[in-house]
Amino acid sequence: MAEPRELLEDLRHRLAQAEQGGGPERIAQQHKKGKLTARERLDLLLDEGSFVELDRFVAHRATDFGLAAQRIPGDGVVTGYGRVHGRLVYVFSQDFTVFGGSLSETHAQKICKVMDLAVRNGAPVVGLNDSGGARIQEGVASLGGYADIFLRNVLASGVVPQISVILGPCAGGAVYSPAITDFVFMVRGVSYMFVTGPNVVKTVTHEDVTFDQLGGADVHAETSGIAHAVYDSEPECLAAVRELLDYLPANNLDPAPRLAAADAPDRRDESLLSVIPASPAQPYDMHEVIRAVVDDGRFTEIHGAFAGNILVGFARLGGQPVGIVANQPAVLAGVLDISASVKAARFIRFCDAFNVPLITFVDVPGFLPGVAQEHGGIIRHGAKLLYAFCEATVPKLTVITRKAYGGAYDVMSSKHIRGDVNLAWPTAEIAVMGPKGAVEILYRDRIAQAADPALETRNLIEEYTRTFAHPYKAAERGFVDDVIDPRETRPRLIDALRTLDGKREKNPARKHGNIPL
């Protein structure tokens with residue numbers, strides 16, 4: 001048997017070999033592309049010195065196509081666990097310097113191991129994706145590896161938070177793992193996601209398209225809605241992942257992390273008195289309302305570049321993490337359409353799965369009309385949003401700031417679909433439709449017969465507005481719990497959250513519902 005010193009020297013050599021990945025030349029190529037290495041990324045993501053590596057000596061077992069002589073420790077992925085803000089997180093980081101980060105049988109097994117550990121120990125999973133796809137030399141074994149990962153993504157869904165960070169190519173079947181996870185982050189000029197690449201697209205459809213145009217970060221942030229956030233650099237992106245994790249519970253049984261709030265819970269914000277314009281047709285930015293209400297004005301928006309007519313994201317109220325859903329009057333008047341409905345529904349279901357209370361700010365004129373929306377399935381997609389709010393059993397608090405018209409009033413966390421505390425500002429207008437549309441329908445004949453139809457219409461609109469375009473009819477029936485001074489919004493929401501701390505509500509026993517996908 002070798003001497004202990006010799007064994008330690010051998011260990012140090014093997015550790016150094018594992019840590020250099022594909023070697024200095026390939027690391028230099030990675031840096032030349034403006035990309036970090038797998039280990040450099042983990043250093044930025046995790047608390048300093050907290051990373052514990054698993055399976056660092058694992059190597060592939062393939063012998064065909066000359067692979068037997070190319071057995072690199074780690075096999076193209078660095079796996080293990082560490083801490084973010086002192087809390088446990090499981091991680092994997094694909095190493096493009098080793099076989100282009102391609103997924104082999106053993107590469108997949110390493111990822112599956114940390115995912116299994118995450119579910120077993122109740123901690124989030126963060127995957128840093130940078131891979132050329134399946135390792136062709138291993139054939140069906142690599143495809144089977146993808147399926148093993150997909151299965152774990154599905155079984156972990158709603159059990160532990162899953163975050164995917166795309167830091168290179170992610171193509172073919174590989175895209176379906178991030179698609180199942182809860183949040184997808186990308187970096188401009190570095191990240192690409194597509195099922196079929198530009199060459200295949202050109203062959204099949206004769207369309208000339210670049211990597212960026214087909215599956216770049218901005219395309220997925222603005223058009224497809226696959227990316228929840230996009231950044232200009234890897235350090236900025238990984239810092240944002242750390243920020244997101246600060247709001248999330250470790251698993252579906254633990255509470256979200258609360259912090260001591262420096263912002264006074266009884267703070268009244270005078271700006272809320274003037275945020276609503278005098279004209280009901282004039283837009284305003286709902287961000288101003290949210291920031292005036294939440295702790296320290298800090299709102300971490302999710303999916304900000306997609307479906308801007310609705311806002312979703314995380315904030316704190318009295319130190320407690322909350323999910324924010326809000327119509328955005330500054331974009332399409334805050335109307336609900338297909339993209340907005342899907343965006344909000346998915347966010348709501350995430351918050352409900354992980355016990356994060358929901359705060360909904362409502363200013364919605366209805367669902368977007370038009371042939372494109374109807375043929376595109378606004379009925380089905382709008383029903384997803386309704387289903388998500390109805391299904392959610394977490395504390396649900398709603399503030400109607402201005403318009404709440406038609407079916408959109410019902411959908412936006414109304415009292416009728418188990419809203420716990422529903423408040424309205426004096427500027428709220430809760431009705432079947434806006435005054436102009438209602439008058440044109442109700443008094444069509446009267447207007448047509450009037451000596452001055454325009455004057456008659458104005459008078460009728462004023463009468464309808466006085467009678468219906470306010471929150472008090474709803475408050476009379478208990479559909480709104482209270483009409484409040486806008487400056488009281490923050491203290492009232494914080495107090496309501498505290499009363500709902502022990503909320504007990506369950507849905508009927510079932511295997512699962514059938515959301516209208």
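1. A good place to start in this predicted model is Ser-164, whose bridge partner in β7 is Val-184. That pair belongs to a longer match: strand β5 (residues 162–166) runs alongside strand β7 (residues 183–187) in the parallel sense, with 4 bridges between them.

2. Now step back to the whole sheet. It is open and built from 7 strands, in the order β1-β2-β3-β4-β5-β7-β9, with mixed pairing. Which strands stand at the edges? They are β1 (52–54) and β9 (229–231); each has a single partner strand, so one side of each has no neighbour in the sheet. From one strand to the next, the twist averages 20 degrees.

3. Next, look for the helices that pack on this sheet. Helix α4 (residues 105–121) touches β1, β2 (77–84), β3 (87–94), β4 (125–129) and β5, and its direction makes about 165 degrees with that of β3. Helix α10 (residues 234–245) touches β2, β3, β4, β5, β7 and β9, and its direction makes about 160 degrees with that of β7.

4. Then turn to the nonpolar residues. In soluble globular proteins, nonpolar side chains tend to be buried together. Here the largest nonpolar core has 64 residues, and Val-126, Val-165, Phe-185, Phe-314 and Val-325 touch the most other members. Helix α12 (residues 338–353) supplies the largest share of this core, 7 residues.

5. Val-165 deserves a closer look. What does Val-165 contact, leaving aside its neighbours within four places in sequence? The list is Val-126, Gly-127, Leu-128, Asn-129, Phe-185, Cys-237, Leu-238 and Val-241.

6. Finally, don't miss the second, separate core: it has 30 residues, including Phe-299, Leu-317, Phe-361 and Leu-397.

Key:
Residues are numbered from 1 along each chain as its sequence is written. This is a predicted model: local features need pLDDT of at least 70, side-chain atom pairs count only at pLDDT 80 or more; totals for chains, interfaces and linings use all residues. Side-chain values use heavy atoms; hydrogens and water are left out. Two strands pair if DSSP finds at least two bridges between them. Helices (H or I, at least four residues) and strands (E, at least two) are DSSP runs, numbered from the N terminus. Axes are lines fitted to C-alpha atoms, for helices over the stretch in contact, and angles run from 0 to 180 degrees between N-to-C directions. Contact means heavy atoms within 4.5 Å. A nonpolar core is a set of buried Ala, Val, Leu, Ile, Met, Phe, Trp, Tyr and Cys residues joined through side-chain atoms within 4.5 Å. Buried means under 20% relative accessible area, exposed over 50%, partly exposed in between (1.4 Å probe, protein chains only).
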